[in-house]
Amino acid sequence: MQILAAPQELSEQCLDWLAGGRTVALVPTMGYYHAGHEDLMRHARGIAERLVVSLFVNPAQFGPGEDLDAYPRDAGRDAAVAEACGADVLFMPKADAMYAPYHGTWVDAPDMAKKLCGRSRPLHFRGVCTVVLKLFLLSRANVAVFGNKDWQQQAIIRRMARDLNVPIRIETRPIVREADGLALSSRNVYLTPEERAQAPEICRGLSYAREMVNCGEKDATLLRKAVLGRWAERLPLGRLDYIEIVHPETLEPVSRVDSPALMACAVRLGKARLIDNILLFP
Ligand code: AMP
């Protein structure tokens, strides 16, 4: 596995592969790998002949007061994991290589970026779209793989690729969870033991809503209230950012689960802001 830091080198390597008739897959990440990242990499490895994994803690997607400096990092271990998962290139650029002095050109994210996480993180998806488009252009990958844990992110990236005619296929993978249901996240390391003990209640609340839907409940307000009631009892350390039921592609709120819908939430637990989601099928 090659470790590359220069955007130009990544571009040249991928052009070489493509000129030789190879297909290229891209897995964009911010590092501090867990089994969710590994799943994306192994999947990507199986659907293309060359695999590029990018590891970049993208300053542009963090807001003021967010955890850019504290974000967990372990480049040495990450390199070993990426190699074991079959990466041909690990691309680890420095921030000033991705954002040259006077950088001022941004992807204007679609309106769906203002919903859900976008409400408390107004410029987050502008930063995500900009860096992901750069990675698409540098790698010219045939396919990119994202996780459904960040459902809104993959929905926005699909829309961006469609709107801007980016010739790339987007694939997504299911959420990888701990045995107790907590969605794996690099940010789980922020949790104290007490917070960690309550954290699985996030996903249990969402599963509870799914059971209610399975029993015939379709009213979004009632489903939301049921989850909030459960959390009030079992997740007392949690501070709600949002919980919503939306259309899975447009992210528009729905009042009834008459067709497949997404229940998505963000909960602050101590220093961590944790997101999770579940599909509801009527
Ligand atoms: P991150 O490094 O957290 O920015 O995530 C990089 C990619 O891994 C994104 O596409 C995420 O959606 C995906 N990812 C993160 N956590 C999980 C998880 N628990 N299960 C599946 N994919 C994940």
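**A walk from helix 10 to helix 7**

Select R230 and Y208: R230 lies over the face of Y208, at 5.2 Å from the ring centre. (The rule for a charge over a ring: NZ of Lys or CZ of Arg within 6 Å of the ring centre and within 35 degrees of the ring normal.) Before moving on, note that this is a predicted model, where local features need pLDDT of at least 70 and side-chain atom pairs pLDDT 80 or more, while totals for chains, interfaces and linings use all residues. Numbering starts from 1 along each chain as its sequence is written, and side-chain values use heavy atoms, without hydrogens or water.

**Helix 10**

Now pick residues 220-234, which make up helix 10 (helices are DSSP runs of H or I, at least four residues; strands are runs of E, at least two; both are numbered from the N terminus). R230 turns up again here, buried along with A220, L223, A226, V227 and W231. Buried means under 20% relative accessible area, exposed over 50% and partly exposed in between, with a 1.4 Å probe and protein chains only. Look down the axis of helix 10: its buried residues fall within an arc of 130°, so they line one face (the arc is taken from the directions from axis to C-beta atoms). Spin the helix round, and the face turned away from the buried side shows exposed K225, A232 and E233.

What do the buried residues of helix 10 pack against? Show helix 9 (200-214), strand 7 (238-246) and strand 8 (261-269) to see their partners; contact here means heavy atoms within 4.5 Å. At the N-terminal end of helix 10, add D219: as a cap, it places a side-chain oxygen 2.9 Å from the backbone nitrogen of T221.

**T130 and the rings around W106**

Jump to T130 in helix 6 (residues 124-139). Is T130 buried or exposed? It is buried, at 5% relative accessible area. The T130 side chain reaches the backbone oxygen of R126 at 2.7 Å. (Polar contacts are N or O pairs within 3.5 Å; within protein, one atom must be able to donate a hydrogen and the other to accept it, and residues adjacent in sequence count only if both atoms are side-chain atoms.) Leaving out residues up to four places away in sequence, T130 touches H103, T105, W106 and V107.

Keep R126 and W106 on screen: the charged end of R126 sits over the W106 ring, 4.0 Å from its centre. Then add F56 and Y99, which ring pairs link with W106 into a cluster. For Phe, Tyr and Trp (six-membered ring), centres within 6.5 Å make a pair; planes under 30 degrees apart are stacked, over 60 edge-to-face, the rest tilted. Elsewhere, F62 and Y71 pair edge-to-face, at 6.0 Å centre to centre and 80° between the planes. F62 is buried at 10% relative accessibility, and Y71 is buried at 7%.

**Helix 2**

Next, select helix 2, residues 35-47. Colour its buried residues, G36, H37, L40, M41 and A44. They cover an arc of only 135° around the axis, which puts them on the same side of helix 2. Their packing partners include strand 2 (24-29), strand 3 (50-55) and helix 3 (75-84).

**Last stop: R158**

Finish in helix 7 (residues 151-163) with R158, partly exposed at 36% relative accessible area. Beyond its neighbours within four places in sequence, R158 is in contact with I170, E171 and T172. A polar atom of the R158 side chain lies 3.4 Å from the backbone oxygen of I170.

Conventions:
Expected span 1.5 Å × (residues − 1).
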